[in-house]
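Here's a quick look at cysteines and one helix. Have the viewer open as you read.

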Amino acid sequence: MGTEKPYILTWRELAEQALNWEDSGNWGDYDFEKLSELIYEKTNTRLSMSTLKRIWGKVKYDSKPTIITLNALARFLDFTDWRAFKKNADAERSTTAPDTSTPEIRISRMDKKRRNFFQPVAFTLIGGLVLYLLLSLVAKRQPVADKNASAKFESRVISDNMPNSVVFDYDASGFHADSVFIQQSWDPGRREQVAADGHQHTSIYYVPGYFNAKLIVDGKVKKEHPVFIKTKGWLGLIGKEPVPSYLNADSIRRDGTLGISPGSFARINGSPVFNGSWVYFYNVREFNGLNGDNFSFETTLRNTSTPEQSSCRKLEIEIMGSGNAISIPLSDKGCIAALGIYTGERFISGKETDLSAFGCDFSGFQRLGCAVNHHRLVISLNGKQIYESAVSQGIGKITGIRIAFEGAGEIKKVKLGDDDHVVYQEDFTSPTHR
């Protein structure tokens, strides 16, 4: 990794602090797959499990990472790019920089110190004694954390609309902590510092979902609390930072489909080119106790962007659960190397696995199905099974559906249920919906 190695080691340390997982020496494939997904969600850049293992020294690799990889690492920690991260790291190091002067200058300094040592020594001893006494008094008065201290951490959702505010009621005063943070979700970038002796804090959530908020005291997660931000039916938004653009509920129902036209997307997005720009359709709510270890899902949809507007014309379906999520992509056939599946347990990269079956001809609608039963995940496209994998545990209770298009897209039908019954079904081509 050459001259980048010291910076990569610094980045690793900061990333481990932000993630607040167990010792990285104990990380396995699941942890690196999960980190790959987190980096993608934050930066829209896929880093493979093998790349991350090389970063952590789990796999021997002498060449330095590509600039694309380095920039993604930097953006994950909220820096503009790798250059900005290195500049910040250098500034931090400069506060403890070693003495790099010549031997002659250092000897001269030592002679001067010896000549001037005895003159102020009495004052130094007296001053040191006074300082010691003061520090001793302060230390005696410094509050000590109660060994039996416990944290209070609860939340209340304020609205039924988006964006939505959440009031957190917390109490970490028994720890006498130096720092207390509330983190909205898994994302370290959604972390806000709060008063260590405070009791309330309000956060804005710009997207719906089921989140495990965290109360972090002196760098350690003391308590977690679920935050369920629901939608009223389908919500459409165009992803932008820091605040997305919300779509009018009536405007996303058009010509017997749920979606957005290329013209509308270009107008709202401010560009006729859609690469890297996504529209999301959410339906987040309780689905009658439907569980992620036994369900089936089906949707009919397509990306309606032209190749000139969106080079790969990707789309992504996510089944959201209270514990994790399943993510399934489709794209033009020539872009399958850029795809990745998340099974709820591990990330399958198109760079390391043949995902050519997930390539589509979007001149027509595609019927995609997903089912989990008896610890098996099965994905089908247009009635043909294209992927199967074992899953050891479910994603929890089904809490939402998210369908995303790179650029414009439209959805005809959605169906969700289990072996016994259909929990939710909607046919946008019909005047009546369930």
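## Buried cysteines

Cys360 has a relative accessible area of 4%, so it falls under the 20% cut-off and counts as buried. Keep in mind that this is a predicted model. Cys370 is buried too, at 2% relative accessibility.

Cys312 and Cys335 also make the buried list: Cys312 sits at 16% relative accessibility, and Cys335 has a relative accessible area of 14%.

## The disulfide

How many disulfides does the structure hold? Just one. Cys312 and Cys335 make the bond, with their sulfur atoms 2.0 Å apart. This pair ties together distant parts of the chain, 23 residues apart. Cys312 lies in the loop between strands S13 (295-303) and S14 (315-321), while Cys335 is in the loop between strands S15 (325-332) and S16 (340-342).

Is the disulfide left-handed or right-handed? The torsion about the S-S bond of Cys312 and Cys335 is about -75°, so the disulfide is left-handed.

## Helix H4

Now for the helix. H4 covers residues 67-76, and seven of its ten residues are buried, so the rest of the structure largely encloses it. Which residues of H4 are buried? They are Thr69, Leu70, Asn71, Ala72, Leu73, Ala74 and Phe76.

If you're checking backbone torsions, look just past the end of H4: Asp78 takes a positive phi there, about 70°.

Notes: Residues numbered from 1 in each chain as written. Predicted model: local features only at pLDDT ≥ 70, side-chain atom pairs only at ≥ 80, totals over all residues. Heavy atoms only, no water. Disulfide = S-S within 2.5 Å. Helix = DSSP H or I, 4+ residues; strand = E, 2+ residues; numbered from the N terminus. Buried < 20%, exposed > 50% of the residue type's maximum accessible area, 1.4 Å probe, protein only.
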